[in-house]
Amino acid sequence: MDRVELATFLRTRREALQPEDVGLPRGRRRRTGGLRREEVAALSDMSVDYYSRIEQPRGPNPSEQMLAALARGLHLSLEERDHLFQLAGYASPRSVRRGDHLNPGMMRILDRLGDTPAQVVNHLGETLKQTDLAVALLGDETAFTGRARSLHYRWFTDPASRLIHSESDHATRGRQLVADLYGAYARDGGDSRTADLVDALQSASPEFAALWSEHPVLGPYCAPKRFRHPQLGALELHCQTLVDPDQSQRLLVFTAVPGTESHTSLQLLSALGR
């Protein structure tokens, strides 16, 4: 671990980021450009003291989990993330469709959607980050661990994951999820996390296995999605999707047609909070 170079690298990346780059207000008392240490610590879900000691440099050896959190908080590219790991004495994480490092461009867009239900998911259906309104709409999908991180896995193994969707849409929703995973499997091949997830689902769910045997393919049109929110009732929402160039991550933005009951209900999400 090269403490001095690690500290210098973190400081330069912190100073290069502007508050508006991460969805924070600039404020009138900010005398210099860049983020403050406490802002980076908050974005990385760690204490200010822990982050400050690493940057000074006099802190402990950060774990791989802490480094991954710093990479997300500082909006690092994959190449910058790999360099960060190397400075801390670790091998670079696998970057071939790893899908759990949030693309900086996606993060910048998501940071500007604080008043909209939106989230970033990877090619396995794992939610990487949500706006507060997305949590209020769908629940905290980042809290799951193991295979349950994948919506595809939860849909076919946990009946509770279907409760928010209208029962009449379950068959269509299931086919869409299998088709989505089938496309990811075709790109990733048999020696991948995608293949591992497919194998697990085929063993755990006869429904999934039957749909998988049909080799479903997604069409170009995505119909409106109907939700059953426990407090707001029925919602009909459109899901606009922005796909990263390597197709490993997607930004999902949920909207409703203005003037409809769903649009009015969606505006109440901010009052409900999480």
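Two groups touch, for this tour, when they are in contact: heavy atoms within 4.5 Å. Axes are lines fitted to C-alpha atoms, for helices over the stretch in contact, and angles run from 0 to 180 degrees between N-to-C directions. Helices (H or I, at least four residues) and strands (E, at least two) are DSSP runs, numbered from the N terminus.

This is a predicted model, where local features need pLDDT of at least 70 and side-chain atom pairs count only at pLDDT 80 or more, while totals for chains, interfaces and linings use all residues. Residues are numbered from 1 along each chain as its sequence is written, and side-chain values use heavy atoms, with hydrogens and water left out.

**Stop 1: the sheet**

Start by selecting helix α6, residues 104-111. Helix α6 lies across β1, β2, β4 and β5, and it runs at about 15° to β5.

Now show the strands. You should find an open sheet of five, in the order β2-β1-β5-β4-β3, with antiparallel pairing. Two strands pair here if DSSP finds at least two bridges between them. Strands of a sheet pair through backbone hydrogen bonds, either parallel or antiparallel. Colour β2 (127-130) and β3: they stand at the edges with a single partner strand each, so one side of each has no neighbour in the sheet. From one strand to the next, the twist averages 30°.

Next, pick out β5, residues 249-255. Is this strand largely enclosed or not? Six of its seven residues are buried, so β5 is largely enclosed by the rest of the structure. Buried means under 20% relative accessible area, exposed means over 50%, and partly exposed is in between (1.4 Å probe, protein chains only).

Look at the partners of β5. On β1 (residues 118-122), five bridges make an antiparallel pairing with β5. Click on glutamine 119 and you will see leucine 252 of β5 opposite; click on valine 121 and its bridge partner in β5 is arginine 250. Then go to β4 (residues 233-243), which is joined to β5 by six bridges and runs antiparallel to it. Here glutamine 240 stands opposite valine 253 of β5.

**Stop 2: an aromatic cluster**

Select Phe156, Tyr182, Tyr185, Phe208 and Trp212, which form one aromatic cluster. Rings of Phe, Tyr and Trp (its six-membered ring) pair if their centres lie within 6.5 Å; planes under 30 degrees apart count as stacked, over 60 as edge-to-face and the rest as tilted. How many aromatic pairs does this rule give? The count comes to six.

Zoom in on tyrosine 185 and tryptophan 212, an edge-to-face pair at 5.6 Å centre to centre with 85° between the planes. Tyrosine 185 sits in helix α9 (residues 170-188) and tryptophan 212 in helix α11, so the pair ties together parts that are 27 residues apart in sequence. Tyrosine 185 is partly exposed at 29% relative accessibility, whereas tryptophan 212 is buried at 10%.

Swing round to phenylalanine 208, which makes a stacked pair with tryptophan 212: 5.6 Å centre to centre, 25° between the planes. These two are four residues apart in helix α11, separated by about one helical turn. Phenylalanine 208 is buried, and so is tryptophan 212.

**Stop 3: a buried arginine**

Go to arginine 154 in helix α8, residues 151-157. Lys and Arg count as positive and Asp and Glu as negative, with His and the chain ends not counted. A salt bridge is a side-chain nitrogen of Lys or Arg within 4 Å of a carboxyl oxygen of Asp or Glu. Which side chain of opposite charge is nearest to arginine 154? That is glutamate 141, 4.0 Å away, and buried arginine 154 has no salt bridge. Leaving aside neighbours within four places in sequence, show what arginine 154 is in contact with: Glu141, Phe144, Ala148, Arg149 and Ser161.

**Stop 4: three loops**

Most residues other than glycine have a negative phi, and most peptide bonds are trans. Keep that in mind for aspartate 45, whose phi is positive, near 60°. You will find aspartate 45 in the loop between α2 (37-43) and α3 (48-55), and it is exposed, with a relative accessible area of 71%.

Histidine 215 also has a positive phi, near 50°. Look for it in the loop between α11 (206-212) and β3 (225-229), where histidine 215 is partly exposed at 45% relative accessibility.

Finish at glycine 114, in the loop between α6 and β1. Glycine 114 is exposed, with a relative accessible area of 52%. Its C-alpha atom is separated by 18 Å from that of leucine 74, 40 residues away along the chain.
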